[in-house]
Amino acid sequence: MFADYSFTPHRLEVRPGIHLSYLDEGPRNGEVIVMVHGNPSWSFYWRHLVLGLRDRYRCVVPDHVGMGLSDRPDDAPSARPHYDYTLQSRVDDLGTLLDSLGITGPVTLAVHDWGGMIGFGWALRHMAQVQRLVILNTAAFPLPEVKPMPWQLSMGRDSRLGGWLIRRFNLFARGAAWLGTQRSLPAEVRRGYIAPYQGWDQAISTLRFMQDIPLSEGDRAWPLLQEVARMLPEYADRPAFLGWGLKDFVFDHHFLDGFRKALPQAEVHAFDDAGHYVLEDRHEVLVPAIRDFLDRHPLAG
């Protein structure tokens, strides 16, 4: 169906009438890797890592509601079913999925883009479970003061016209598929990123994610962001892998520096020739490096 996406997705009703699609690949008794994507991607982003780990590791990879192969509920007050496209909803959905799968033991948390806030948001109540970290071009703290808000995000977050254009023409997913990498992606890979969000109803979540970006007090996600940032240094005693595309126009070296400061013992793999979708640009290097990292730091059990 999509390039290198040779998986059989599962579905879970996470809320009445709303189903979430997810991958559960690998041996059920294997060490669990929870891979959390961002916007405007989906589990497709993690496909190379799943293929490189599933012989030994259990890879659990959700598509957030409104993303990938999951349902696309409306958020109008009268909509039935209704979904509130907020960070807290994403955190709750991830918890529902992992609870339904009976995943109560140690996990490795792998995050990218919004997946950082979602994954670390879930981890606030599950810190003992999170025994390893794989962190790729993401955030778990506010926008650094020295980093201006990129206009491409402001267009969707703060402009009604920009929001209309994103939903009408799928601009965000299209733009990310063309500009999110340094290498030119094959047409079938670009299609994998763009296809799930074709059409007004299909693109709702790509815009709602942008509108939910917390920048200051008063934004709905701000309290959760503050708590995640406060707790981030508590993971410094656990093995952490930082994989970074330095050509990312959003999560650039300022964000990498923030994670290095919070997690000073982290293993860092930064690439001058990679962008936001670092697993697309450098999967040939990153997948074996992440596997080696996991093999060298087995979970406690």
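Colleague: Is aspartate 4 buried, exposed or partly exposed?
Modeller: Buried means under 20% relative accessible area and exposed over 50%, with partly exposed in between (1.4 Å probe, protein chains only). Aspartate 4 has a relative accessible area of 43%. That value lies between the two cut-offs, so aspartate 4 counts as partly exposed.

Colleague: What pLDDT do local features need in this model?
Modeller: Residues are numbered from 1 along each chain as its sequence is written, and side-chain values use heavy atoms, with hydrogens and water left out. This is a predicted model: totals for chains, interfaces and linings use all residues, side-chain atom pairs count only at pLDDT 80 or more, and local features need a pLDDT of at least 70.

Colleague: Which element has the lowest mean pLDDT?
Modeller: pLDDT is the predictor's confidence in each residue, from 0 to 100. The protein averages 95, and 99% of the residues score at least 70. Elements are DSSP runs numbered from the N terminus: helices (H or I, at least four residues) and strands (E, at least two). Strand β4 (residues 58-62) has the highest mean, 99, and the lowest, 75, belongs to helix α4 (residues 151-158).

Colleague: Back to aspartate 4: what is its phi?
Modeller: Aspartate 4 sits in the segment before β1 (10-15). The residue is not a glycine, yet its phi is positive, at about 65°.

Colleague: Asparagine 170 also has a positive phi. Is asparagine 170 buried or exposed?
Modeller: Asparagine 170 is in the loop between α5 (160-169) and α6 (171-179). Its phi is about 55°. Its relative accessibility is 1%, so asparagine 170 is buried.

Colleague: Which proline follows asparagine 39 through a cis peptide bond?
Modeller: The bond has an omega of about 10°. The proline lies in the loop between β3 (32-36) and α1 (47-53). The residue joined to asparagine 39 is proline 40.

Colleague: Arginine 80 and proline 81 are also joined by a cis peptide bond. What is its omega?
Modeller: Proline 81 is placed in the loop between β4 and α2 (87-100). For the bond from arginine 80 to proline 81, omega is about 5°.

Colleague: Why is strand β6 largely enclosed by the rest of the structure, and how many of its residues are buried?
Modeller: Strand β6 covers residues 130-138. It is largely enclosed because the buried residues in this 9-residue strand number 8.

Colleague: How many bridges join β6 to β7?
Modeller: Two strands pair if DSSP finds at least two bridges between them. On one pairing, β5 (residues 107-113) runs parallel to β6 with 7 bridges, including aspartate 113 with threonine 138. Strand β7 (residues 240-245) also runs parallel to β6, with isoleucine 135 opposite leucine 242. The bridges between β6 and β7 number 4.

Colleague: Which hand does the unit of β5, α3 and β6 have?
Modeller: View the strands pointing away: a crossover is right-handed if the path from the first strand over the helix to the second runs clockwise. Helix α3 covers residues 115-123. The β-α-β unit made by β5, α3 and β6 is right-handed.

Colleague: Which side chain makes a polar contact with the side chain of arginine 132?
Modeller: Arginine 132 belongs to β6 and counts as buried, at 1% relative accessibility. A polar contact is a pair of N or O atoms within 3.5 Å; within protein, one must be able to donate a hydrogen and the other to accept it, and residues adjacent in sequence count only if both atoms are side-chain atoms. Contact in general means heavy atoms within 4.5 Å, and beyond four places in sequence arginine 132 touches residues including Tyr57, His297 and Pro298. At 2.8 Å, the polar partner is glutamate 31.

Colleague: Which helix gives the most to the largest nonpolar core?
Modeller: A nonpolar core is a set of buried Ala, Val, Leu, Ile, Met, Phe, Trp, Tyr and Cys residues joined through side-chain atoms within 4.5 Å. The largest has 104 residues, and Met35, Trp46, Phe120 and Phe259 have the most contacts inside it. With 6 residues (283-296 is its span), the top contributor is helix α12.

Colleague: How far apart in space are leucine 143 and isoleucine 213?
Modeller: Leucine 143 is in the loop between β6 and α4. The two residues are 70 residues apart in sequence. C-alpha to C-alpha, the spacing is 9.9 Å.
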